[in-house]
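Here is a briefing on one structure, grouped by topic. Please keep the sequence and the 3D view open while reading.

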Amino acid sequence: MAKITFLGAVGAVTGSKYLVEAGGKRLLVDCGLFQGPKALTQRNWDRLPIDPATINWIVLTHAHIDHTGYLPRIVRDGFRGPIYANAATRELCELLLPDSAHLQEEDALFAMKKGYSQHKPPLPLYTVVEAQQALQHFQEIPRKDPFTISPQFTVKPTDAGHILGSSSLQITITENGKSSVVVFSGDVGRYNQPILNDPEPIAKADYILCESTYGDRDHPKDSPYDAIAAIVNRVAKRGGAIVIPAFAVGRTQTLMYILRQLEERQQIPKLPTYVDSPMAINVTGLYVRHKEDHSLQFTREEETGNHDPLNTHEVHMTRTPQESKQINSVVTPCLILSASGMCSGGRILHHLARRLPDSRNAVILAGYQAEGTLGRQLQDGAKAARIHGEEIAVRAEITEVSQFSAHADRGELIRWLSGFTAPPKQLYLVHGEPAAAQAFRGTVQQQLHWPVTVPAYLDSFDPLA
Ligand SMILES: [Zn+2]
């Protein structure tokens, strides 16, 4: 019997993992890390509900850690097959997975020094060496052409417009001469945005698993340029620092692109910008190599690196913990970008501990802040925050710039779903917190009249039924 099981990203926006079984073979779609509340992150430490050694293949929609960050662990726990991803996703994972491991090693080390870990001694979920081992399993698949994994599974990727390499996967599942087409949306991007392409429509699906991160709201329509310019000028004038929790890759480049443009138009001052990540590197080359995914036009000067549209004029990449600490002594107005994007761990915590108590400073929340994360607490107006076991007063200005979101909002998700020429037998809403998924379920029923389900953890269905 063919079966699809929800192993993550149900009732939450992290831990994306869907197990597809047919003809005695197992294909895992995405292999994400759970982030946020302990009840969720504990699942990263529990054994998977199925033995990793029995999974034949993994295929990835895109490189974000909530879709790939469990790969080093699953390989360590016995997965031996290929991990299929397109070139851009593979290259991004080469940056993101060791970065994720670094952050976990640093967090574990820090917890050991301060003595506050739940594990004794504090352990990282995986190490940099284990991340490198997982990368050995990667095999490149075409950006858009259909790719046959086995007689049971053929994958057709389309551009999801969310980050470089991001795809929706249309998977044809075959067993005993019967076939069914299941579409995994991955994370759906936005329409008419700077840099990335629009999400591509897909015509046919028997079943759809669609993300619903922002299924309960629409993003503000005003310009992200104006919003960012206003904050930067306000904070620079009062002599503060701006802390931006951001994913190492993707969001950071969109932010940098907009900041750069504002600098060039002299709408904001040229502030020192610290990109603080163990793997902080200039990823402009990735955008130059993968032009198929975006609308940036690079001049010859830009391609050779003399002029970089994806970095501010005064950018500093900090790699070592020592360099990271030195940012603490910067007292002039500056921008600090660091991971994690939801303040759930990593170096951003040190910067927040240092900058939150001063009302001259600001924190820009430019991405989704999941339930149970420090980012969500700040978004909700917490007056104090617990960081590394210490109580920190929150006096800095906390602002949200949701125009930056790399996720489709309610209207954009409906637009993407409307690209299908016929209703699916069932639409499953995944990758959304319960309120967002349930609200979007109502919207889909009202506007598209499709059968919609919000699945629970470990639910399954037969795509050939
Ligand atoms: Zn994503």
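What angles do the four donor atoms around the zinc ion subtend, and what is the arrangement? The angles run from 88 to 165 degrees, which makes the arrangement irregular. The model is predicted. The points below start at the metal, then cover three helix pairs and two backbone features.

**Zinc site**

- Three histidines and one aspartate coordinate the zinc ion: His62 through NE2, His64 through ND1, His162 through NE2 and Asp187 through OD.
- The coordination distances are 2.1 to 2.3 Å.
- Four donors count as tetrahedral if all angles lie between 85 and 135 degrees. The upper end here is 165 degrees, so the zinc ion does not meet that test, and its arrangement is irregular.
- The donor residues follow the sequence spacing H-x1-H-x97-H-x24-D.
- Histidine 62 and aspartate 187 link distant parts of the chain, 125 residues apart. Histidine 62 sits in the loop between strand 4 (57-59) and helix 2 (65-68). Aspartate 187 sits in the loop between strand 10 (178-184) and strand 11 (207-211).

**Helix 4 with helix 5**

- Helix 4 spans residues 87-114 and helix 5 spans residues 128-135. Their axes are 8 Å apart, at an angle of about 160 degrees.
- Angles over 145 degrees count as roughly antiparallel, and helix 4 and helix 5 are therefore roughly antiparallel to each other.
- The crossing of helix 4 past helix 5 is right-handed.
- Helix 4 brings Cys93, Glu94, Leu97, Pro98, Ala101, His102 and Glu105 to the contact. Helix 5 brings Val128, Ala131, Gln132 and Leu135.
- By class, the residues of this contact are seven nonpolar, two polar and two charged.

**Helix 6 with helix 7**

- Helix 6 (residues 224-237) packs on helix 7 (residues 251-264) at about 75 degrees, with the axes 10 Å apart.
- That angle makes helix 6 roughly perpendicular to helix 7.
- Pro224, Tyr225, Ile228, Ala229 and Val232 form the helix 6 side of the contact. Leu255, Tyr257, Ile258, Leu259, Gln261 and Leu262 form the helix 7 side.
- The contact of helix 6 with helix 7 holds 10 nonpolar residues, one polar and no charged.

**Helix 13 with helix 14**

- The axes of helix 13 (residues 410-417) and helix 14 (residues 434-447) come within 11 Å. They cross at roughly 50 degrees.
- Helix 13 and helix 14 are therefore oblique to each other.
- Helix 13 passes helix 14 with right-handed crossing geometry.
- From helix 13, Arg410, Leu413, Ile414 and Leu417 meet Phe440, Thr443, Val444 and Gln447 of helix 14.
- Five residues of this contact are nonpolar, two are polar and one is charged.

**Backbone features**

- Most residues other than glycine have a negative phi, and most peptide bonds are trans.
- Alanine 339 and serine 340 are joined by a cis peptide bond, with omega about 10 degrees. Serine 340 lies in the loop between strand 15 (334-338) and helix 11 (348-355).
- Asparagine 176 has a positive phi, near 50 degrees. Asparagine 176 lies in the loop between strand 9 (167-175) and strand 10.

Key:
Residues are numbered from 1 along each chain as its sequence is written. This is a predicted model: local features need pLDDT of at least 70, side-chain atom pairs count only at pLDDT 80 or more; totals for chains, interfaces and linings use all residues. Side-chain values use heavy atoms; hydrogens and water are left out. Axes are lines fitted to C-alpha atoms, for helices over the stretch in contact, and angles run from 0 to 180 degrees between N-to-C directions. Helices (H or I, at least four residues) and strands (E, at least two) are DSSP runs, numbered from the N terminus. Angles under 35 degrees count as roughly parallel, over 145 as roughly antiparallel, 65 to 115 as roughly perpendicular and the rest as oblique. A crossing is left-handed if the near helix is turned anticlockwise from the far one by less than a right angle, and right-handed if clockwise. Contact means heavy atoms within 4.5 Å. Ala, Val, Leu, Ile, Met, Phe, Trp, Tyr, Cys and Pro count as nonpolar, Asp, Glu, Lys and Arg as charged, and the others, Gly among them, as polar. Donors are N, O and S atoms within 2.8 Å of the metal (3.2 Å for Na, K and Ca); water is not among the atoms, so sites may look incomplete. Four donors count as tetrahedral if all angles lie between 85 and 135 degrees; four count as square planar and six as octahedral if opposite donors are over 155 degrees apart and all others between 65 and 115; anything else is irregular.
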